[in-house]
Amino acid sequence: MPSPFLYDSPTVNEMQAERVSITGSMLYDLVACPHRLRMDTFADPSKRDPVSPFVQLLWKKGVLWENEVMADLDTPFTDLSGYRGEEQELKTHEAMRRGDALIYAGRIRDGELLGVPDLLRREGAGYIAGDIKSGAGVEGSEDLTKRKKHYAVQLALYTDILERTGISAERRGFIWDIHGNEVDYDFVRPQSSRNPRTLWQEYEAVLLHARAILSERQETRAAYAAICKLCHWHSACVKQLKVADDLTLIPELGRTRRDVMMQSVPTVDALAKADPSEFHEGEKTIFRGIGPATLGKFSERARLLAAGPDARPYLKEPLELPSAPVELFFDIEVDPMRDHCYLHGFVERRNGDSKSERFVYFFAEGATEEAEKQAFAQAWEFMRASRPCAIYYYAPYEKTIYRKLRDKYSDVCSVDDLEALFDATETVDLYTDVVRKYTEWPTHDYSLKTLARYLGFDWQDTDPSGASSIEWFHQWTDTGDETIRQRILAYNEDDCRATRVLRDALQCMA
C-alpha cells in the first residue's frame with residue numbers, strides 16, 4: 001500500500017513537522033511525478049480535486065490488509081499504532097533500546113528525514129525496516145528480480161535514518177506483499193546485469209531531487225499522462241498545461257521527451273509551425289532519444305492539435321478491417337487488488353445491423369475463484385460458439401488477462417486454442433493493430449474514452465472509468481445491492497458500444 005502517511009490522521013504538531021521534513025510518502029510520489037511534490041508543498045489546497053472514491057478504496061483496503069496481516073501474525077510484536085507524533089517516536093526509540101524483536105508502526109527521524117515504517121525488525125545488533133503492501137513486492141511476473149522503485153525509495157529512507165542514528169543492521173529492507181511473500185530489497189547490489197546502478201544510488205538521486213524541489217532551487221512542470229487521472233491535482237495541472245500549450249498534450253510525447261525538446265520548441269504551436277528537418281543532424285535529430293521518424297510523427301500531431309475544431313482524424317495508409325456476419329465487441333473488468341476478473345462483456349452485432357445488437361455478459365457472482373472461473377468458462381464458450389466471427393477489443397489488456405486466466409484455470413481452454421483465437425486475423429486489438437499503426441487524431445491521448453467521445457459517443461454514467469467500476473464491485477460484494485451491480489453492467493456495456501463506435505468510424509475512414 002502507499003505510505004502510511006496517506007492513512008494517518010496526524011496531530012497539528014506532526015503536520016507542521018512534516019512541512020519541513022522529507023518523508024517516505026514524498027519520495028514515493030516523487031518517483032511517479034516530481035510536480036506532485038511541488039504542488040503538495042506549495043500550491044493552494046483549495047485547487048485540489050476531491051479524492052476519488054477509488055483512491056479512498058485503495059487507502060481503506062491497504063489499511064484493512066495491514067491489519068489482517070498483523071492480526072494473523074504468530075510472532076510477538078510491539079504495537080505502536082495507537083501513538084502519534086513525538087510520543088510515537090519516543091516509544092519507538094524505547095522499544096529499540098530494549099531490543100524488541102519486531103516493532104509495528106514505529107516512527108523514526110534524523111534531521112530532515114522522517115519515516116513511519118510499518119515494521120522494524122531486529123537483526124543482530126541493529127534493525128532493518130519493512131513495509132506491508134497490498135500489491136506485489138516486485139514488478140510483473142516476467143522479471144522477479146526487478147524491485148519496485150517507489151517501494152525502494154521508501155525503504156531506503158527508513159534505512160538511511162537507521163544508519164544515521166547508528167541502529168541499522170545493514171543496507172537492506174523488506175516488503176510483505178499481498179501474495180504473502182517477503183521480498184528482500186538489497187540496496188547495495190546492482191539492479192541487473194544491464195543496469196549496474198544500485199537501489200541506494202536511485203534513492204540518493206531521488207532524495208537530492210526532493211531537496212531541490214522543497215528548497216525551491218528546482219522548478220517542476222506538470223505533464224499530461226494517464227497516471228495523473230487519479231491525482232488530486234489533475235484539474236489544476238490540466239489547466240496549467242493548456243494555458244502553457246505544453247508539448248505533453250501531444251499523444252505519447254511525455255515528460256522526458258518534452259524536457260529534451262522544449263528549449264528548441266517550447267509549445268505545441270511552435271512544433272506545429274516548425275519544419276522538422278531543421279532539427280535533423282544526419283540520420284539523427286538534435287533531440288536525444290528522438291529519431292527523425294518519431295519527430296515527424298509528433299510534428300504532425302502538433303499540427304492536428306493546432307488546427308483546432310477544423311482538424312479531422314485520418315488514415316496514414318490503407319486499412320482493411322475483417323468482414324464477418326457476426327461481430328463481438330469485447331471488454332472485461334478486473335479488480336487488481338484481488339487479482340480477480342469479475343466481468344466479461346460483449347456487444348454482439350449481426351450482419352452490420354444496429355437493430356440486431358444485444359449485450360451479452362458473464363458476471364462473477366462473488367469475489368471467489370469459483371465465481372471467476374465460471375464467468376471465464378462461460379465467456380470462453382460464448383466466443384468459441386460464436387465463431388466464425390470478428391472480435392474487437394481495445395488495447396492488449398484483454399489478451400493479457402485471458403492468458404492469466406488460462407494459466408489459472410487450465411481446464412477451461414488450452415494454450416493453443418487461446419493463442420489461436422487472439423492471433424486470428426478476425427480478432428483485432430483496435431488500439432495496437434489499428435489506431436496506433438494506421439491513424440492520427442486531433443486529441444491529447446488515444447484512450448478509448450477520448451476517441452469515442454470525439455466521435456460523439458458518451459457514457460450513461462456520471463463517473464465512467466475502470467477505477468470506478470472496481471470501486472462499485474467492492475461496494476457490491478460488501479452489500480449485494482443490485483443497483484450497484486446494474487451500474488457495473490451498464491458501464492461495461494457502454495465500453496463495448498464505444499468499441500463498436502470506434503470500429504465503425506475506422507471503417508468509414510478506410
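**Exercise 1.** Find which residues Leu506 touches, leaving out residues up to four places away in sequence.

*Solution.* Take contact as heavy atoms within 4.5 Å. Leu506 then touches Leu319, Leu321, Leu430, Val434, Val435, Thr439 and Trp441. This is a predicted model: local features need pLDDT of at least 70, side-chain atom pairs count only at pLDDT 80 or more, and totals for chains, interfaces and linings use all residues. Residues are numbered from 1 along each chain as its sequence is written, and side-chain values use heavy atoms, with hydrogens and water left out.

**Exercise 2.** Place Leu506 in the largest nonpolar core.

*Solution.* Start with the terms. A nonpolar core is a set of buried Ala, Val, Leu, Ile, Met, Phe, Trp, Tyr and Cys residues joined through side-chain atoms within 4.5 Å. Buried means under 20% relative accessible area, exposed over 50%, partly exposed in between (1.4 Å probe, protein chains only). Now count: the largest core has 71 residues. Leu506 is among those with the most contacts inside it, with Phe346, Tyr394, Tyr402 and Leu502. Helix α18 (residues 482-509) gives the most to this core, nine residues. Helices (H or I, at least four residues) and strands (E, at least two) are DSSP runs, numbered from the N terminus.

**Exercise 3.** Explain why strand β14 counts as largely enclosed, then find its partners.

*Solution.* Of the 11 residues of β14 (residues 340-350), 10 are buried, so the rest of the structure largely encloses this strand. Next, pairing: two strands pair if DSSP finds at least two bridges between them. β13 (residues 326-335) pairs with β14 in the antiparallel sense over 10 bridges. There, Ile332 stands opposite His344. Seven bridges join β14 to β15 (residues 353-363), also antiparallel. Val347 has Phe359 in β15 as its bridge partner.
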